[in-house]
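Reader: I'm used to gels and assays, and I'd like to learn how to read a structure one feature at a time. Could you walk me through this one?

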Amino acid sequence: MKRVYLIKEITAEFELVANRLSETEVATVASVVELEPQHVAEIAKRAQKLTGPKNVKLKTVIDKSLLAGIIIRIIEEFGALFIKARICPSKGGDRFQL
């Protein structure tokens, strides 16, 4: 009963093990505004190409210190990968350019 405070730590460790077993990389995407679902899907697809794992899981955060664009942070076993991207106008609407 007195160990309830450990639940967050246990959950985080469980998530790490589950991601390793499923070959999933977790990426954090920081942007100044909430991203549209199609943008999140495009970012996940591009991040998967760059990292090579079977799966990429995105966690989005709002960062008011950014002026524009996004920052993608992928923590891998042997280091970190930071990707800066910007939104480019195109014929089909806004699109990310990594």
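Reader: Let me start with a single residue. Is glutamate 23 buried, exposed or partly exposed?

Author: Before anything else, keep in mind that this is a predicted model. The general idea is to look at relative accessible area, where buried means under 20% and exposed means over 50%. Glutamate 23 comes out at 43%, so it is partly exposed.

Reader: Where does glutamate 23 sit?

Author: Glutamate 23 is in the loop between α1 and β1, the latter covering 24-31. That puts it just after α1. Have a look at its backbone too: phi is positive there, about 55°, although the residue is not a glycine.

Reader: OK, now the helix before that loop. What length should helix α1 span?

Author: The trick is to count residues and allow 1.5 Å for each step. Helix α1 runs over residues 7-21, which is 15 residues, so it should span 21 Å. Its end C-alpha atoms are 21 Å apart, which agrees with that expectation.

Reader: Charged residues are more my thing. How many salt bridges does a search of the whole structure find?

Author: Here's the general idea: side chains of opposite charge can pair when their charged atoms come close. In this model the search turns up 3 salt bridges. One of them is between lysine 57 and glutamate 15, at 3.0 Å from N to O. Lysine 57 belongs to strand β2 (residues 55-62) and glutamate 15 to helix α1, so this pair ties together parts 42 residues apart in sequence.

Reader: Which lysine besides that one does glutamate 15 meet in a salt bridge?

Author: Lysine 59, with an N to O distance of 3.6 Å. Again the pair links distant parts of the chain, because glutamate 15 is in helix α1 and lysine 59 is in strand β2, 44 residues away. As for accessibility, glutamate 15 is partly exposed at 24%, lysine 57 is partly exposed at 33%, and lysine 59 is partly exposed at 39%.

Reader: And what does glutamate 42 form a salt bridge with?

Author: Arginine 46, and the closest N and O atoms are 2.9 Å apart. When both partners sit in a helix, check their spacing along the sequence. These two are 4 residues apart in helix α2 (residues 37-51), which means about one helical turn separates them. Glutamate 42 counts as buried at 16%, while arginine 46 counts as partly exposed at 22%. Back to the other set: salt bridges with shared partners join Glu15, Lys57 and Lys59 into one network.

Reader: Let's move on to packing. Which residues is valine 56 in contact with, leaving aside neighbours within four places in sequence?

Author: For packing, skip the sequence neighbours and ask what else is touching. Valine 56 lies in strand β2 and is buried, with a relative accessible area of 18%. Its contacts are Glu25, Ala27, Ala44, Ala47, Gln48 and Thr51.

Reader: How far apart in space are valine 56 and asparagine 19?

Author: Their C-alpha atoms are 9.5 Å apart, with their positions 37 residues apart in sequence. Asparagine 19 has its place in helix α1, and at 10% relative accessible area it is buried. Not counting residues up to four places away, asparagine 19 touches Thr24, Val26 and Lys57. You've met Lys57 already, as the salt-bridge partner of glutamate 15.

Technical notes
Residues are numbered from 1 along each chain as its sequence is written. This is a predicted model: local features need pLDDT of at least 70, side-chain atom pairs count only at pLDDT 80 or more; totals for chains, interfaces and linings use all residues. Side-chain values use heavy atoms; hydrogens and water are left out. The expected span of a helix is 1.5 Å times one less than its number of residues. A salt bridge is a side-chain nitrogen of Lys or Arg within 4 Å of a carboxyl oxygen of Asp or Glu. Buried means under 20% relative accessible area, exposed over 50%, partly exposed in between (1.4 Å probe, protein chains only). Contact means heavy atoms within 4.5 Å.
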